[in-house]
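Visitor: Please take me through one helix in detail. I would like its length, its cap, its buried side and its surroundings.

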Amino acid sequence: MGQALGCIIVGQSNVAIKEHFGKFDDVLQPGCHCLPWCLGYQIAGGLSLRVQQLDVKCETKTKDNVFVNVVASVQYRALADKASDAFYRLTNTKEQIQSYVFDVIRASVPKLELDAVFEQKNDIARAVEDELEKAMSAYGYEIVQTLIVDIEPDVHVKKAMNEINAAARLRLAANEKAEAEKILQIKKAEGEAESKYLSGLGIARQRQAIVDGLRDSVLEFSENVPGTTAKDIMDMVLVTQYFDTMKEIGASSKSSAVFIPHGPGAVRDVAEQIRDGLLQANASPNLLN
């Protein structure tokens with residue numbers, strides 16, 4: 001505002017309080033006004049109509065005995081039609097608002113546990129706004145909005161909460177890891193079972209093919225060589241397989257020496273030993289039965 005030669009200019013979004021010999025006379029709106037100071041008129045002061053913000057930090061205790069600092073942000077402004085009340089009825093607007101915020105927060109938070117304070121911060125902000133609206137409207141102020149912008153517990157409590165949260169996440173991660181390992185073990189066991197099943201089918205088919213081959217060999221040999229019996233043919237097949245096995249053992253890189261009987265009756269002895277072993281193996285189940 002400026003004043004020169006009995007004229008005064010009120011800036012935009014502001015009002016001026018005009019007095020006549022110390023008594024309230026009028027509220028001057030933005031613009032240029034004539035103020036004959038020689039006739040006892042003067043400007044007592046100005047008032048901003050802009051929205052202002054006040055951050056209030058209040059320390060209180062929750063229901064579970066945890067001290068917290070609650071920061072409330074109050075946005076307010078003076079009403080143009082009640083500018084005289086806003087100017088004359090309050091000495092310190094910010095201290096008045098701060099007192100109401102303290103009163104509401106310290107009445108609301110002790111009823112709630114710490115977790116509930118975080119969950120219901122909007123309810124706390126609404127309670128503060130309602131109380132301020134009822135109180136400050138009588139003094140020419142409008143409460144635009146009230147927000148709870150921060151809830152800060154004690155440092156040790158915050159550290160403990162972080163540790164609890166970290167432990168819970170580690171426990172969840174361990175459960176997920178164990179479940180993944182369980183699935184891997186199950187899949188591995190299923191794969192091994194399927195592999196053994198297929199291997200068993202292969203072995204069974206191999207043995208069936210060997211039996212079919214031996215049968216065909218016996219029948220073909222009997223037809224082409226008259227006078228031979230099935231026993232003679234089986235002896236020859238067993239001896240042939242015996243020497244094939246010895247050949248494979250000798251060809252293996254891990255074997256160093258193989259001792260086999262050598263002599264005129266070696267072949268007959270080998271055949272008799274193989275045949276006796278097969279007969280004993282076939283007779284054992286019959287004895288057990």
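Guide: What follows is a close look at helix α2, then at the core around it. Keep in mind that this is a predicted model.

Start with the geometry. Helix α2 covers residues 93-108, which is 16 residues. At 1.5 Å a residue, α2 should span 22 Å. The C-alpha atoms at its ends are 23 Å apart, so the model agrees with that expectation.

Next, the N-terminal end. N92 caps α2 there. A side-chain oxygen of N92 lies 3.2 Å from the backbone nitrogen of K94.

Now the buried positions. In α2 these are T93, I97, V101, F102, V104, I105 and S108. Several other elements help cover them: β7 (52-61), β8 (67-78), α4 (121-136) and β9 (141-153) are included.

T93 deserves a stop. This residue belongs to α2. Its relative accessible area is 12%, under the 20% cut-off, so T93 counts as buried. Leaving out residues up to four places away in sequence, T93 touches Y76, M136 and Y141.

Follow one of those partners, M136. With the same sequence neighbours left out, M136 touches L90, T93, Q96, I97, Y141 and I143. Two of these names, T93 and I97, are also on the list of buried α2 residues.

That leads to the core. In soluble globular proteins, nonpolar side chains tend to be buried together. Here the largest nonpolar core has 37 residues. Those touching the most other members are I97, V101, I105, L132, M136 and Y141. Elements that give two or more residues to this core are β3 (14-20), β7, β8, α1 (83-88), α2, α3 (114-119), α4 and β9. The largest share comes from β8, with 6 residues. Apart from this core lies another, of 5 residues, with I8, A16, L28 and L35 among them.

Last, the cysteines. The structure holds 0 disulfides. C32 is in none, and the nearest cysteine sulfur, that of C7, is 4.9 Å away. A disulfide needs the sulfur atoms within 2.5 Å, so that pair does not qualify. C32 has 57% relative accessibility, over the 50% cut-off, and therefore counts as exposed. C58, in contrast, is buried, with a relative accessible area of 0%.

Key: Residues are numbered from 1 along each chain as its sequence is written. This is a predicted model: local features need pLDDT of at least 70, side-chain atom pairs count only at pLDDT 80 or more; totals for chains, interfaces and linings use all residues. Side-chain values use heavy atoms; hydrogens and water are left out. Helices (H or I, at least four residues) and strands (E, at least two) are DSSP runs, numbered from the N terminus. The expected span of a helix is 1.5 Å times one less than its number of residues. Buried means under 20% relative accessible area, exposed over 50%, partly exposed in between (1.4 Å probe, protein chains only). Contact means heavy atoms within 4.5 Å. A polar contact is a pair of N or O atoms within 3.5 Å; within protein, one must be able to donate a hydrogen and the other to accept it, and residues adjacent in sequence count only if both atoms are side-chain atoms. A nonpolar core is a set of buried Ala, Val, Leu, Ile, Met, Phe, Trp, Tyr and Cys residues joined through side-chain atoms within 4.5 Å.
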